[in-house]
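Hi,

Here is the model I promised to pass on. Have a look at it first, and then read my notes underneath.

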Amino acid sequence: MNAQQITSQHLTDEQFASLVAGGRRDEDACQHVEGCEICRRELDAVGVAVNDLSSFSLRWAEQRAARIQAPSLWALNWKTLPGWGATMAAVLIFGVALGTHIETSNQTVAVQTTHTMAAPTADELAQDNRLMRSIDDEINEQPGVQMAVSALDDGSSRTVRHHSLHEVSN
Amino acid sequence: MHMAMATDILRLTSRERALTELDDIEDLVQTHRARLLRFVTFSLGDEDLAASIVQDCFVKAWANRHNFRGDCSVQTWLHSIALNLVRDYQRTQKFRFWKQVRKTATDVTEIAGMLPSAASSPEEQLLARERAREVARILETLSLNQRTAFVLRFQEEMDLGDIAKTMGMPINTVKTHLHRAVRTVRTRMGGQR
């Protein structure tokens, strides 16, 4: 590149980027900037603005980054547990919980059953018997109702049921 | 032969040093959290989300520290993890029909005016803030790749090789993104070309 070309051609984007980043290896670019007022002003404007943004944003980030704390070793180990390991751990925890729950339920049922079996006394039995007997008597006094109930129970048609009820009314 | 061996030894030494650095999670977080937070906030424009991604980035780095080969600095490696997390997040967002307006969204131009500079006069501070805001506003209009290349080059001061490693792209592709970003900034700031 001769002297005339150096001054007539403005900086390429590559040269410009290199100079903004502080690179001074491109002698042609440096020489051009020295002789070209337009490129020098442009380089100064962009370079200063980029540096300003860099320093402001770094100070902003230093202030805000204080909330980012190092994770605890427990959290690190848990988060870095392989997928299958985490799944196994979850299954194990669920299994233990389920087992405990089933065992507790069985104990409760056993206690309830024992309680129910041991409960009836002679008085209660007599009372139950009296009640059952009164129900039997009631049913025997109304044979139509017995028929109607039996007709419903065997799942017969509505006609049969109607017929039975008719018998009751008669 | 000797040169290759020397390079291998250097790489091993730097890897061991890096592994020691990566083992100490407290120190790792203290050293890199601010730069990572800035980088992710510029990428996503959401401070809370960025903080969460930075936290995930440290967990991921710690979990995969034994896979670190030592062919780049820890800073470059952490930035590449953070960038992958940003890309993952953006990929999931793309398929959401209902994108909610985030309450924590950060106007990155506000970052420029956050803190006063103690070294300059009020007028100079005002001018500096305005200049920084203008660049931040332009950065918001760039694509993620262009913005990433720009931020890594001019804020994180990485060389093109490290940017290529961070972005997982060939150097020429990085150059293309960077030069497009620079052209946009030049044009929008009233450049002559």
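A definition before the details: axes here are lines fitted to C-alpha atoms, for helices over the stretch in contact, and angles run from 0 to 180 degrees between N-to-C directions. Helices (H or I, at least four residues) and strands (E, at least two) are DSSP runs, numbered from the N terminus.

Some housekeeping. This is a predicted model, in which local features need pLDDT of at least 70, side-chain atom pairs count only at pLDDT 80 or more, and totals for chains, interfaces and linings use all residues. Residues are numbered from 1 along each chain as its sequence is written, while chains are lettered from A and ligands numbered from 1 in the order in which they are written.

On confidence: the predictor gives the complex an ipTM of 0.79 and a pTM of 0.66. Chain B has a mean pLDDT (the predictor's confidence in each residue, from 0 to 100) of 83, with 78% of its residues at 70 or more.

Now the helix pairs in chain B. Helix α2(B) (residues 25-44) and helix α7(B) (residues 144-154) have axes that come within 10 Å and cross at roughly 155°. That makes the two roughly antiparallel (angles under 35 degrees count as roughly parallel, over 145 as roughly antiparallel, 65 to 115 as roughly perpendicular and the rest as oblique). B:Phe39, B:Phe42 and B:Ser43 of α2(B) are in contact (C-beta atoms, placed from the backbone, within 7 Å) with B:Leu144, B:Arg147, B:Thr148 and B:Val151 of α7(B). By class, that contact has four nonpolar, two polar and one charged residues (Ala, Val, Leu, Ile, Met, Phe, Trp, Tyr, Cys and Pro count as nonpolar, Asp, Glu, Lys and Arg as charged, and the others, Gly among them, as polar).

The other pair is α8(B) (residues 160-167) and α9(B), whose axes come within 9 Å and cross at roughly 100°. That makes them roughly perpendicular. On the α8(B) side the contact uses B:Leu160, B:Gly161, B:Ile163, B:Ala164 and B:Met167, and on the α9(B) side B:Ile171, B:Val174 and B:Lys175. These divide into six nonpolar, one polar and one charged.

Chain A has nine helices and zero strands. Of its 170 residues, 16% are buried (20 or more other C-beta atoms within 10 Å of a residue's own, against 12 or fewer for exposed and in between for partly exposed, with C-beta atoms placed from the backbone).

Between the chains, 34 residues of chain A are in contact with 39 of chain B. On the chain A side, α4(A) gives the most, with 18 residues. That side divides into 20 nonpolar, five polar and nine charged residues.

So what about α2(A)? Six of its eight residues are buried, so α2(A) is largely enclosed by the rest of the structure. The buried residues of α2(A) pack against α3 and α4 of chain A, together with α7 and α9 of chain B. After α2(A) comes A:Gly22, with a positive phi near 95°.

One last residue to click on is B:Arg38, which sits in α2 of chain B. It counts as buried because it has 26 C-beta neighbours inside 10 Å. Leaving out residues up to four places away in sequence, B:Arg38 touches A:Ser57, A:Leu58, A:Ala61 and B:Gln155. B:Arg38 and B:Gln155 are 117 residues apart in sequence, yet 9.3 Å apart in space, C-alpha to C-alpha.

Cheers

Technical notes
Contact = placed C-beta atoms within 7 Å.
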